[in-house]
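Please look through the structure below. The paragraphs after it go from the interior to a sheet, a helix and a few ring pairs.

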Amino acid sequence: MSIIDIIENKKAGRELTKTEIEIFVNAYTNDDIPDYQAAALIMAICINGMTVNEISNLTIAMANSGEILDLSEIAPNTVDKHSTGGIGDKITLILMPIMASLGIPIAKMSGRSLGITGGTIDKLQSIPGYKTDLDVEEFKKNIKEIGISLIGQSMNLAPADKKIYALRDSIACTNSIPLIASSIMSKKIAAGSKNIILDVTCGKGAFMETKNDAKVLSKLMKYIGLNANKNVMCILTNMDEPVGYSVGNALEVVEAVKALKGDMTEDVKEIILTFGSNMLKMAGLGDNLEENEKRVIEAIKGGKAYEKFVQLVERQGGDVSYIENLEKFEKAPYIVPVMSSRAGYVSELSAEVIGRASVGLGAGRQKKEDEIDPRVGIIVCKKTGDKVENNEIIAYVHANSPEKAEDAILKVKNAYTIIDKKVKKPAIILDIL
């Protein structure tokens with residue numbers, strides 16, 4: 001069976017066999033087929049979809065393309081968390097140190113930016129010296145000794161997904177439910193945690209624009225997890241507008257550090273408390289969600305969560321002085337305010353438009369080989385439901401050139417819809433499955 005035959009079968013809408021999927025995954029992982037043939041198959045999958053059996057077989061094949069970690073020697077009840085992607089989504093940077101400070105071993109493998117969504121690894125690498133490419137033994141040692149390690153796909157874990165993930169971004173195949181489900185679950189299976197909690201984002205700044213699509217994706221990932229003997233919970237969150245107030249790599253690290261010290265927006269707080277309380281329950285550390293929320297708050301107020309993040313950064317080679325003094329992060333050469341053109345109330349702040357503006361500034365990738373500029377991004381000062389005066393500052397653009405700043409300013413203005421009537425704040429947690 002040649003790769004041409006496999007492409008032809010999927011192009012015709014036929015169901016791929018387990019063998020065909022394994023042939024493709026193994027050949028692409030081993031560089032036996034070029035990007036353009038892999039891209040042709042990925043595009044055919046994106047257009048024609050996959051059956052549940054195909055998705056399950058693709059997930060297992062990608063997980064088995066590298067090493068499968070066994071974390072049972074470290075802890076019997078590890079919990080992993082993953083987001084399907086969003087704009088300004090710095091939740092992992094805040095949540096995982098909190099959980100580690102409360103006694104949950106955190107073994108987290110994250111990705112880079114994909115489409116208009118940011119990547120946790122790009123954010124962590126804006127901290128000078130932070131190493132995301134640990135080997136297996138270092139990864140396990142950090143979890144065992146300090147209770148947390150946040151890395152990229154640098155070890156031989158799901159290497160097929162690493163290649164397909166980057167390829168999807170460059171050929172506009174980021175919003176395919178089968179490819180999203182198999183990508184996420186192959187990484188989670190390979191990373192070895194028994195319990196997995198998934199942030200399934202939904203809205204204009206997410207791959208799943210509708211709640212119904214988010215539910216379909218959630219049920220699919222839960223099914224894959226069940227077959228792999230994993231306990232999976234999915235929490236649907238609103239991604240119609242950015243999470244928090246910062247979009248951009250170093251900017252989001254700064255916001256995350258402030259949040260770990262207790263200074264966080266209401267939407268971030270609600271997400272952190274919801275996920276944190278449920279993670280404690282999944283790990284067998286408390287069934288009462290209200291009591292668990294109090295423990296999360298205490299970890300922040302008492303400084304344990306911030307101390308754990310400092311410990312993580314130091315252990316993985318990062319310059320802790322940047323965390324202790326946030327002013328050390330290099331700033332973009334052009335920081336320009338965006339002014340409102342009228343008074344009223346924000347009825348919409350499009351996460352998608354803000355995401356595209358941030359990518360245009362250099363905070364994300366338009367091609368898989370693009371370099372990220374950690375300094376650039378957008379700070380939003382007004383969100384849905386907020387009152388705005390005429391000619392008031394609604395955002396700041398952080399740019400590395402005047403031309404990019406001007407382009408971003410126009411996009412940010414277009415992201416805002418301001419009306420006369422007062423608007424309610426949107427719901428943040430949409431469902432739990």
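**From the core outwards**

The largest nonpolar core has 85 residues, and among these Ile 98, Met 99 and Ile 323 touch the most other members. Met 99 is in contact with Ile 104, Ile 106, Gly 276, Met 279, Leu 280 and Val 296, when residues up to four places away in sequence are not counted. Another core lies apart from it, with 46 residues that include Leu 16, Leu 41, Met 62 and Leu 179. The model is a predicted one.

Gly 276, one of the contacts of Met 99, has a number that falls within helix H12, residues 266–282. How far apart are the end C-alpha atoms of helix H12? They are 24 Å apart, which agrees with the 24 Å that its 17 residues should span at 1.5 Å a residue. The expected span uses one less than the number of residues. Most of H12 is covered, with 13 of its 17 residues buried. After H12 comes Gly 284, which has a positive phi, near 75°.

Helix H12 can also be approached from a distant part of the sequence. Ile 428 is located in the loop between strand E12 (416–419) and strand E13 (429–432). Is Ile 428 buried or exposed? Ile 428 has a relative accessible area of 11%, and buried means under 20%, so Ile 428 is buried. Leaving aside neighbours within four places in sequence, the residues in contact with Ile 428 are Leu 236, Thr 237, Asn 238, Asp 267, Glu 270 and Ile 271. Take Glu 270 from that list: 158 residues separate Ile 428 and Glu 270 in sequence, yet their C-alpha atoms are 7.3 Å apart in space.

Next comes a sheet. Four strands make up an open sheet with antiparallel pairing, in the order E6-E9-E11-E7. At its edges are strand E6 (246–247) and strand E7 (334–339), each of which pairs on one side only. Inside that order, strand E9 (residues 377–380) pairs with strand E11 (residues 393–399) in the antiparallel sense, over four bridges. Gly 377 has His 398 in E11 as its bridge partner. How many bridges join E7 to E11? There are six, and these two strands run antiparallel. Pro 337 is opposite Tyr 396 in E11. Strand E11 is largely enclosed by the rest of the structure, because five of its seven residues are buried.

The aromatic rings give another way to read the model. Two numbers are needed for each case, since a pair of aromatic rings is described by the distance of the centres and the angle of the planes. The count of aromatic pairs here is two. One of them is formed by Phe 24 and Tyr 28, which are stacked, with 6.0 Å from centre to centre and 10° between the planes. Why are Phe 24 and Tyr 28 separated by about one helical turn? They are four residues apart in helix H2 (residues 18–29). An α-helix has 3.6 residues a turn, so residues three or four places apart point the same way. Phe 24 is buried at a relative accessible area of 3%, and Tyr 28 is buried at 1%.

The other pair is Tyr 322 with Phe 329, and it is edge-to-face because the ring planes are at 70°, with the centres 5.3 Å apart. Planes over 60 degrees apart count as edge-to-face. Both rings belong to buried residues: Tyr 322 has a relative accessible area of 18%, and Phe 329 has 6%.

Some rings also have a lysine over them. Lys 163 lies over the face of Tyr 28, 4.2 Å from the ring centre. Lys 261 lies over the face of Tyr 306, 4.6 Å from the ring centre.

Lys 163 leads back to helix H2, where Thr 29 is found. Which residues is Thr 29 in contact with, leaving aside its neighbours within four places in sequence? They are Ser 65, Pro 159, Ala 160 and Lys 163. Thr 29 counts as buried, at 18% relative accessibility. Lys 163 is thus in contact with Thr 29 and lies over the face of Tyr 28.

Technical notes. Residues are numbered from 1 along each chain as its sequence is written. This is a predicted model: local features need pLDDT of at least 70, side-chain atom pairs count only at pLDDT 80 or more; totals for chains, interfaces and linings use all residues. Side-chain values use heavy atoms; hydrogens and water are left out. Buried means under 20% relative accessible area, exposed over 50%, partly exposed in between (1.4 Å probe, protein chains only). Contact means heavy atoms within 4.5 Å. Rings of Phe, Tyr and Trp (its six-membered ring) pair if their centres lie within 6.5 Å; planes under 30 degrees apart count as stacked, over 60 as edge-to-face and the rest as tilted. A charge sits over a ring if NZ of Lys or CZ of Arg is within 6 Å of the ring centre and within 35 degrees of the ring normal. Two strands pair if DSSP finds at least two bridges between them. A nonpolar core is a set of buried Ala, Val, Leu, Ile, Met, Phe, Trp, Tyr and Cys residues joined through side-chain atoms within 4.5 Å.
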